[in-house]
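Student: Please take a close look at one part of this structure for me. I would like to hear about the cavities, starting with the largest cavity and what lines it.

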Amino acid sequence: MLAQERRNRLREAMAQTGIEALIVYGNSWQSDYLRYVADFSSLEGHGLAIITPDGSIELFLDSAAEAERAEIETTDIKVKLAPEIARAVSSRLDRIANHRIAAAPLGFMPKFLADATRGYKLEDGTSFVDRFLMVKMPEEIDAIRQAAKWADEGYEVFKKAAVPGRMQFELIADIEGFFRSRGCPDNFMIMGSGGKDVFAMAPPSERRLVAGDMVTTELTPNCRGYFAQICRTMVLGKASDLQKKAHAVYREAMEAGIATIRPGVTAGQVAKAENDIFRKYGLGEYATSKYTRVRGHGLGLFVDTKPHILEDVDTVLEAGMTMIIHPNTYHPDTGYMVLGDTVVVTETGAEVLCGTPRELFEV
Amino acid sequence: MRRGLIAWSKAEIPESVFDARLARLRAAMAAEKLDALVVYTNNTRTAGVSWLTAFVPYWAEGLLVVPLSGDPLLTMAFSNRIVGWGKDVSHVARFEGGARPGIAAGKYLADCGAKHVGVVEFDSLRAAVVEDMAGNAGGAVLADATALFENIRTKPDSAEIALITKAGIIGQRALSLATGTETMIGEALAAVDHESRLLGAEEVYMAAAPDLDRDPRFRRMEGTVETGRSFALRATLAYKGHWVRVTRTYFRDKADEALADRAAARFAAAVAGLPSADGFKDFRSWNVEACRVTQPLDPMMGSQIDEPRALAPGSIANAQALITIDGRTIALAAPILVGREAFPSGFLVAPVFGRR
């Protein structure tokens with residue numbers, strides 16, 4: 001069972017490093033540390049879990065609905081409803097104050113819990129857990145593979161939903177209905193529609209699609225807690241020559257990034273490979289933070305996890321890491337354009353998990 | 001995750017509503033001799049900042065700084081490319097993006113010359129944000145101001161009551177899309193999720209008890225699961241920053257729906273007795289949640305809760321219960337208005353049963 005395998009990995013590492021208790025935090029946006037330890041993804045309120053080297057786990061939740069859900073969704077875990085969660089967890093840590101306690105992510109701990117005047121000391125355990133979050137076991141990759149399949153299917157639904165006259169949020173309704181019907185519990189998505197006036201994707205609005213719009217989206221469905229992502233761009237109608245020419249740059253950049261991936265290279269080298277394509281076409285400015293955030297990012301129990309694919313990130317890639325490569329940015333001739341595939345790093349390179357053609361779709 | 005419509009409807013919440021809330025807040029700040037108040041927001045703790053500005057985070061965290069006089073500042077941890085969107089969906093004098101809202105908030109407090117600063121839910125704020133803010137606030141003294149904010153936040157105005165009611169109606173309409181005849185729970189969940197979002201929900205968290213006879217507890221469904229002869233769906237749904245939890249029980253055999261009518265009557269009687277919990281005592285389980293500060297549905301009282309919190313007269317809450325009748329379990333949940341003076345507590349949107 002995947003949850004047990006994750007727990008075993010942690011226990012072994014805790015024993016090797018001398019960590020006697022690990023406390024992790026999660027909320028509805030970022031639940032990866034919590035899910036890894038307690039096999040529970042938070043939807044409401046705060047969640048904090050403590051694992052000790054014997055494998056026992058206590059999960060504290062400050063939402064009554066979440067505590068009830070955790071009782072049924074988790075196994076071999078003590079679930080505690082704690083409306084005053086920071087104080088409840090602090091009281092628990094007081095009982096092991098003489099232990100070596102690590103917290104991940106340390107910066108996410110509530111102030112009350114992290115207060116230096118407490119009787120216990122929290123050390124930063126973020127990088128300790130990050131390694132497990134980044135390098136996946138085969139069963140974790142299987143879940144991402146399934147999520148990527150849903151992403152492909154979801155994009156087909158999105159293409160059909162994108163009809164002139166419909167509002168952006170109505171497309172999201174179609175996508176979410178489709179994912180729920182497939183047993184997919186969660187998804188993250190943002191989108192854009194319009195032309196050169198669109199500088200980024202954003203949360204769905206009431207803007208109505210119009211013929212000729214360029215429509216961008218990233219879909220990020222979840223399978224057993226693991227996210228995969230796809231980014232694609234379509235035109236409502238016939239794409240112009242400028243749009244086709246621009247899209248070819250993104251495709252070349254994404255494929256250059258993917259071709260660079262193999263164990264031993266850094267995230268920065270992948271980003272550089274993508275950005276060099278933009279620079280080759282005189283578009284280097286559009287590969288900077290003024291127009292874009294990252295050139296890809298890790299995927300796993302969180303939609304935007306490490307490593308971030310940026311030229312100054314020196315994280316060395318290893319087999320078993322999963323990520324999306326997406327040179328998404330603004331193009332001065334067409335507006336914001338996106339293209340991205342989820343990949344897994346293999347012993348020899350990268351395996352692409354998305355199967356949707358890398359086209360500028362015309363619908 | 002969040003993936004629904006984020007929009008500020010001036011028709012539903014005019015600027016004057018936010019201005020009046022801000023004025024009430026500032027009056028309370030003045031009484032407490034506070035130079036500024038800080039409210040945190042993220043995906044989970046939306047209900048303070050959204051109440052003051054309409055802004056609902058889609059993914060990022062942020063801080064709202066309200067000086068006693070001068071412009072409020074909302075600083076969010078996202079790129080300046082997204083700030084235009086943030087301004088479109090909020091009502092706040094200053095809106096900024098940046099990597100570390102704690103630093104921006106601290107600097108703004110220093111710029112405002114604030115010496116005594118109240119911080120809502122200070123102890124539960126994440127430590128790194130507090131460190132950033134305190135380190136840049138020019139020596140201002142930061143202290144908890146949760147009680148001050150709660151005292152104002154739990155007195156709803158007509159706009160808040162109307163939007164909670166609308167969220168409840170969206171939830172009930174969406175729940176009516178399932179019929180009880182679905183053999184796989186995913187069919188029912190898909191119909192409700194889809195309809196909720198089409199009706200403008202900014203979020204809906206679906207949970208189900210796919211076979212009430214076997215286990216009436218709600219869980220988020222994954223994969224394919226068959227339904228029993230009765231099942232329940234729960235939609236935890238937000239509309240324009242206003243959250244409700246609505247639940248409906250479905251029966252494969254229409255004759256069983258009479259059970260639900262009996263349960264609904266008992267539920268209504270228990271709700272009418274709030275803030276006294278006496279009417280809930282015979283239920284299999286129950287709880288009442290409410291927005292006190294920034295968490296939309298905070299546990300207040302219930303069968304799982306050791307230390308109940310008092311419900312403020314006239315406040316908005318959400319009640320849910322599992323009721324057993326003739327050996328069958330029925331799940332119900334709906335938003336309520338807590339009674340005040342001569343008016344008893346009652347549903348803002350009553351739970352309904354029966355097939356479409």
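Tutor: In this predicted model, 17 residues line the largest cavity. Nearest its centre lie A:Arg180, A:Pro185, B:Met206, B:Arg220 and B:Met221. The volume of this largest cavity is about 130 Å³. Now look at which elements build its lining. In chain B, helix H8 (185-198) and strand S7 (203-209) each supply at least two residues. H8(B) gives the largest share, with four residues. By class, the lining of the largest cavity holds nine nonpolar, three polar and five charged residues.

Next comes the second largest cavity. Its volume is about 110 Å³. The lining of this cavity counts 18 residues. A:Ser31, A:Ser41, A:Asp186, A:Phe227 and B:Met1 are the ones nearest its centre. Two domains of chain A take part: domain 1 (2-134) and domain 2 (138-362) each give at least three residues to the lining. Sorted by class, the lining of the second largest cavity has eight polar, six nonpolar and four charged residues.

These two belong to a longer list. A search of the whole structure turns up eight cavities of 30 Å³ or more.

Last, turn to a pocket. The second largest pocket has a volume of about 440 Å³. It is lined by 22 residues, and A:Ala202, A:Pro203, A:Ser205, B:Trp85 and B:Asp88 are the closest to its centre. Strand S7 (187-194) of chain A and helix H3 (83-88) of chain B are the elements that give two or more residues to this lining. The pocket's lining divides into 13 nonpolar, five polar and four charged residues.

Definitions and conventions: Residues numbered from 1 in each chain as written. Chains lettered and ligands numbered in written order. Predicted model: local features only at pLDDT ≥ 70, side-chain atom pairs only at ≥ 80, totals over all residues. Heavy atoms only, no water. 1 Å grid on protein atoms, 1.4 Å probe; cavity = no way out; pocket = protein on both sides within 12 Å on 5 of 7 lines; lining within 4 Å. Points joined across faces, edges and corners; volume = space filled by probe spheres on them. Nonpolar A, V, L, I, M, F, W, Y, C, P; charged D, E, K, R; others polar. Domains from an automatic or database assignment.
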